[in-house]
There are 2 protein chains.
Amino acid sequence: MLDPIARLRRFNRAVTREVGVLDTSFLGRGRPLGAARVLQLVQAEGTDVALIRDRLALDSGLMSRFLRSLEREGLITTATDPADRRRRIARLTPRGQEEMAAYDSIGRDRAARLIARARSRAGEVVAAMDLIATLLNRDQLAIRPADPDSPEALACLQAYFDELVARVPAAQAGMFSLPDPQSDSYRPPKGRFLIAWSDDLPVGCVSLRPLDGTVAEVKRLWVHDSARGQGLARRLMTAIEDEAKAMGVGLLKLDTNSALTEALALYRATGWTATAPYTGTPADTWLEKAL
Amino acid sequence: MLDPIARLRRFNRAVTREVGVLDTSFLGRGRPLGAARVLQLVQAEGTDVALIRDRLALDSGLMSRFLRSLEREGLITTATDPADRRRRIARLTPRGQEEMAAYDSIGRDRAARLIARARSRAGEVVAAMDLIATLLNRDQLAIRPADPDSPEALACLQAYFDELVARVPAAQAGMFSLPDPQSDSYRPPKGRFLIAWSDDLPVGCVSLRPLDGTVAEVKRLWVHDSARGQGLARRLMTAIEDEAKAMGVGLLKLDTNSALTEALALYRATGWTATAPYTGTPADTWLEKAL
DNA sequence: CAAGAGACCTGACTATAGTCAACCAATATG
DNA sequence: CATATTGGTTGACTATAGTCAGGTCTCTTG
């Protein structure tokens, strides 16, 4: 019972039972699990039905039935997507939002109990869950443009800065600041901010801002710890280079620090070459790439 | 989407889907999931039915039905437990063993695929699964006597030695050896070897061997990384002290090293006091406790 | 040794998940 | 512009999980 297979099986058993317990506690709200799972993915602002179906890996007939039953309960409304009138968008009603809040509090209780059990190791447990969930969700990983002021973008940046401080000797905590909400440097049409999503957790980002003329700068390439070692940084760089190309940028630059060895190796491997310094500390390496 | 609750929920989603995929791949063997789950817990040597029911958290009626259906298929046989004739013991038939091997290979495939995805981080992923499974199984944790030569006991000892080498400066890799299979020091009636089980993973051990007269020595207190921080070491010590008491031991001794700070803190907190040195390197601290 | 409790079995039942095929409407494609 | 594809809906169906009560042994306990 010491090989990885047996341990994976043990993990499956534990988690299957846990999911069962979760089911029955959710069932306390008088709604079958399938419908409850769907409900929890419907957002107040409206969520694409296909997206939910995809995430839960549901049959389209079954999905449709869940939606009807939630509609009958008055928790959601569905409407056709104006952009593509085959698609449907589900939206929470006020009653649905109340119901969601109730589920949220059940989930909060369970999470709190689990975290309490983990005691001093709560952080480790959350990291372990992130790692496994990211691994299992790998096929669903999606890179999408985001607003540089969205909470998720700011969280990515904060994580990025924290890592710089931890890894780059020359970097100090006060050295970095979140972007000015007024600034449009990282926003189309001048710039870009891309986030990589694993389900609803942002696990990576990269951004682009204009320098002058057709020269732009790639900044803030970051990958969440749970998603490292799977080529995400490369995918992010490819994505941002494609964006730059589409915007008509002719030359990309970036600055980095030699302590960030994996990043540096990636740049070298993808055609970036040395260029003249154009920024100061904590950068100590400057690269460019013609598109 | 950055708080622990949302992340727990994401984890649940990912894992529920994964379990679903596992289900359907197991269903390929033409047997409903419930029965397959039961079958996988039946061992060739025979397993207590109540134990299986407990691990899977099944209703007794449902469990009974699964057993009947597996019996009809000729995969298992059940017999009453001679020790308590209310209980039943399920045993794999040769055909059942073949079937198990088939499940094993499905599991092996899936595990291999998952590990392959994790690439360089396979070890981390397994550790993460252990941590979560141990946490979820916490209520089922059981301390049971074991044979000191069983593979599980040897694995515990190896892990224990590895940790000593890693943490105690004075300890060298060649310094420790697995117990002589002939020796009866750690076996009743003279000694004891206890293992703490989380499902079928050994997550801790402790042992007792006679010194002279009514003096005995506690040795090899070890807790798996995934089970630390939850008071298991204390439970193991209590268990071994109870065993010693029941055996008529009047005084316990142990040796340890001051680098093992948590262990030392535990001993101090549970009534152990300094005693004269009675062993050599790598020990540097000697304690005793009257029972 | 009687009473109660525990482990298991069986029958009867319900609820839920999931499948499949036929169908409609909108969009993409050669 | 005909045709294929996609997203979704509905009805009919099956399989499975799970619940509950009543029953039979067997063991434990006062």
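**Exercise 1. Where in chain A does P189(A) sit, and what is the geometry of the peptide bond that leads into P189(A)?**

Quick note before we start: this is a predicted model.

- Step 1: place the residue. P189(A) falls in the loop between helix 7 (151–167) and strand 5 (192–198) of chain A.
- Step 2: check omega. Going from P188(A) to P189(A), omega is near 5°, and the bond is cis.
- Step 3: put that in context. Most peptide bonds are trans.
- Step 4: look at chain B. P188(B) and P189(B) are joined by a cis peptide bond too, with omega about 10°. P189(B) is in the loop between helix 7 (151–167) and strand 5 (192–198) of chain B.

**Exercise 2. Take R220(A) and R119(B): what is the sign of phi in each, and is each residue buried or exposed?**

- Step 1: recall the background. Most residues other than glycine have a negative phi.
- Step 2: read phi for R220(A). The value is near 60°, so positive, in a residue that isn't glycine. R220(A) belongs to strand 7 (residues 215–223) of chain A.
- Step 3: get the accessibility of R220(A). Its relative accessible area is 11%, and buried means under 20%, so R220(A) is buried.
- Step 4: repeat for R119(B). Phi is about 50°, again positive in a non-glycine residue. R119(B) lies in the loop between helix 5 (94–118) and helix 6 (122–136) of chain B.
- Step 5: classify R119(B). With a relative accessible area of 51%, and exposed meaning over 50%, R119(B) counts as exposed.

**Exercise 3. Work out how many residues surround DNA strand C, which part of the strand they meet, and which element gives the most.**

- Step 1: count the neighbours. There are 21 residues around DNA strand C, and the closest are G34(A), R85(A), R53(B), R65(B) and R68(B).
- Step 2: ask what they touch. Of the strand C atoms that come within 4 Å of the protein, 67% belong to sugar and phosphate.
- Step 3: pick out polar pairs. S64(B) has a side-chain N or O atom 3.0 Å from a phosphate oxygen of strand C. R68(B) puts a polar side-chain atom 3.0 Å from a phosphate oxygen of the strand. For R86(B), the partner is a sugar or linking oxygen, at 3.3 Å.
- Step 4: sort by element. Two or more residues come from each of helix 2 (33–39) and helix 4 (60–72) of chain A, plus helix 3 (49–56) and helix 4 (60–72) of chain B. Helix 4 of chain B gives the most, with 5 residues.
- Step 5: sort by class. The surface near strand C has 11 charged, 6 nonpolar and 4 polar residues.

Note on methods
Residues are numbered from 1 along each chain as its sequence is written. Chains are lettered from A and ligands numbered from 1 in the order in which they are written. This is a predicted model: local features need pLDDT of at least 70, side-chain atom pairs count only at pLDDT 80 or more; totals for chains, interfaces and linings use all residues. Side-chain values use heavy atoms; hydrogens and water are left out. A residue is near a molecule or strand if one of its heavy atoms lies within 4 Å of it. A polar contact is a pair of N or O atoms within 3.5 Å; within protein, one must be able to donate a hydrogen and the other to accept it, and residues adjacent in sequence count only if both atoms are side-chain atoms. Helices (H or I, at least four residues) and strands (E, at least two) are DSSP runs, numbered from the N terminus. Ala, Val, Leu, Ile, Met, Phe, Trp, Tyr, Cys and Pro count as nonpolar, Asp, Glu, Lys and Arg as charged, and the others, Gly among them, as polar. Buried means under 20% relative accessible area, exposed over 50%, partly exposed in between (1.4 Å probe, protein chains only).
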